[in-house]
Amino acid sequence: MPNKLTNLLGLSREQMEAFLLTLGEKPFRAIQLLKWIHQFGVTDFDAMTNISKSLREQLKDCAEVRPPLVKERYDASDGCYKWIVEVESGSSIETVYIPEAGRGTLCISSQAGCSLDCSFCATGKQGFNSDLTIAEIIGQLWLANRELDTFGTKTPRKVTNVVMMGMGEPLLNFDNVMAAISLMMEDNCYGLSKRRVTISTSGVVPAIDRLKEYTDASLAISLHAPNDELRSQIVPINRKYPIRELLRSTNAYLESLPDSRVVTIEYILIAGVNDHRQHARELVELLRSVPCKINLIPFNPFKGSDYQRSSNSAISNFQKILRDGGYTVTIRTTRGDDIGAACGQLVGAVEDHTRRSARYRAKGEQSDPVQRLKIQ
Ligand code: SAH
Ligand code: SF4
């Protein structure tokens, strides 16, 4: 039986160098390969013209460049895209592209499903399927570049920012996410700056404690409640790692960075659950010692959830209290999308989405409430 081909898409620079050494090649070839794969989007070794014919033949025998498979693509009327991508475990995951003035944000998944079961999250309700491989994580950025036709072009870049806010908890797939992020930031690959790559976590404290050894990417914390009693109800991992520990660990990460950076505090607003004025006041006090900006996310409804989005007046009252408390506060504004790509709604169940999309098309409406990610 032939050996399994090594998928070069998922190799870090160091791994690529080591791989080439096993073929008797000099490590500098790694940079050439990385550029062909990640800057030019080339998967065919024969097209890699500055690589010797003999090495190309060798590579064909033992390696491949295999992106994950796009099963569906939805184009929203406002320029957003959502791709449903099949991964090796057989599950499907989702990747979302959100263009805004002056930037384009790609929301990448780290796992198929999620084990953490936050009460407001459709991904969590699915349970956990699998960790994505490095190739499947970086492959989402690769695919977006291919689909947006930006390989080999220097400017304008279409994906300027990456947020690990798709399906799954990135810090529970730590090694693969770290390796993929290093490819995103690698100059010979996508060259994204540390401020333009954001890891969002619900609070896996031991992993946040290790983060500084691996990356200096930006951090977003999904807080969603100003006290342990409430947070433990809606974000179950809080029972294991309560708020005080989470904020301690977050501050330690920020302090470890050479530049002055703030953490993004994500706070979903669910009617009657965590959106009272008192919650906002508590939050003002809680975050005093954390250099942060706050991103309020009106809850995105999904089938099977009883929660409702907070009213507009509750949202603006909440924002005002935080602003008066001295914080920078943004709201992820709704964008009248028609493709079901909202945070927390990503389930990667192709059938489900096909049906949903068909339903909205049939009704001729654009009412699937999709939030625009507005991460500032
Ligand atoms: N697991 C990570 C990253 C993926 S979730 C985390 O929890 O941070 C990405 C963001 O979407 C999180 O802030 C999450 O709380 C939010 N989210 C989940 N369900 C949502 C919903 N139904 N409506 C709005 N935002 C939601
Ligand atoms: Fe998992 Fe994040 Fe959803 Fe919670 S909000 S269930 S951590 S994906």
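The shell of residues around ligand 2 divides into 5 nonpolar, 3 polar and 2 charged members, and the space that ligand 2 takes is the largest cavity. This is a predicted model, and ligand 1 likewise sits in the largest cavity. The points below take the two ligands in turn and then turn to individual residues.

**Surroundings of ligand 2**

- The residues around ligand 2 are C114, L116, D117, C118, F120, C121, G124, G168, E169 and S202.
- One of these residues, D117, is placed in the loop between β7 (111-113) and α4 (122-126), and its phi is near 55°, a positive value in a residue other than glycine.
- D117 counts as partly exposed because its relative accessibility is 37%, a value that falls between the 20% limit for buried and the 50% limit for exposed.

**Surroundings of ligand 1**

- Among the 20 residues around ligand 1, those that come nearest are F120, S200, S222, H224 and N300; F120 is also listed among the residues around ligand 2.
- The residues of the shell around ligand 1 divide into 9 nonpolar, 9 polar and 2 charged.
- A nitrogen atom of ligand 1 lies 2.8 Å from a backbone N or O atom of F120, while an oxygen atom of the ligand is 2.6 Å from an N or O atom in the side chain of S222.
- In addition, a polar side-chain atom of E266 lies 2.9 Å from an oxygen atom of ligand 1.
- Taken alone, ligand 1 exposes 530 Å², of which the protein buries 96%.
- The elements that give two or more residues to the shell around ligand 1 are β10 (197-201) and β12 (263-269).

**H224, one of the residues nearest ligand 1**

- H224, which is among the residues that come nearest to ligand 1, lies in the loop between β11 and α8 (228-234).
- Although H224 is not a glycine, its phi is positive, at about 70°. Most residues other than glycine have a negative phi.
- H224 counts as buried because its relative accessibility is 4%, and the limit for that class is under 20%.

**Buried isoleucines and their distant partners in sequence**

- I221 is found in strand β11 (residues 218-222), and with a relative accessible area of 0% this residue is buried.
- The C-alpha atoms of I221 and I294 are separated by 9.7 Å, although the two residues are 73 residues apart along the chain.
- I234 has its place in helix α8 and counts as buried, at 2% relative accessibility.
- Between the C-alpha atoms of I234 and C121 the separation is 9.6 Å, with the two residues 113 residues apart along the chain; C121 is itself one of the residues around ligand 2.

**A side-chain contact at T160**

- T160 is found in the loop between α5 (134-147) and β9 (161-164), and the side chains of T160 and N161 are joined by a polar contact of 2.7 Å.
- Is T160 buried or exposed? T160 is buried, because its relative accessible area is 12% and buried means under 20%.

Methods: Residues are numbered from 1 along each chain as its sequence is written. Chains are lettered from A and ligands numbered from 1 in the order in which they are written. This is a predicted model: local features need pLDDT of at least 70, side-chain atom pairs count only at pLDDT 80 or more; totals for chains, interfaces and linings use all residues. Side-chain values use heavy atoms; hydrogens and water are left out. A residue is near a molecule or strand if one of its heavy atoms lies within 4 Å of it. A polar contact is a pair of N or O atoms within 3.5 Å; within protein, one must be able to donate a hydrogen and the other to accept it, and residues adjacent in sequence count only if both atoms are side-chain atoms. Accessible areas come from the Shrake-Rupley method with a 1.4 Å probe; for residues, only the protein chains shown count as cover. On a 1 Å grid over the protein atoms alone, a cavity is a set of points where a 1.4 Å probe fits but cannot get out, and a pocket is an open set with protein on both sides within 12 Å along at least five of seven lines; lining residues have an atom within 4 Å of a point. A molecule sits in a cavity or pocket if more than half of its atoms lie within 2 Å of its grid points. Helices (H or I, at least four residues) and strands (E, at least two) are DSSP runs, numbered from the N terminus. Ala, Val, Leu, Ile, Met, Phe, Trp, Tyr, Cys and Pro count as nonpolar, Asp, Glu, Lys and Arg as charged, and the others, Gly among them, as polar. Buried means under 20% relative accessible area, exposed over 50%, partly exposed in between (1.4 Å probe, protein chains only).
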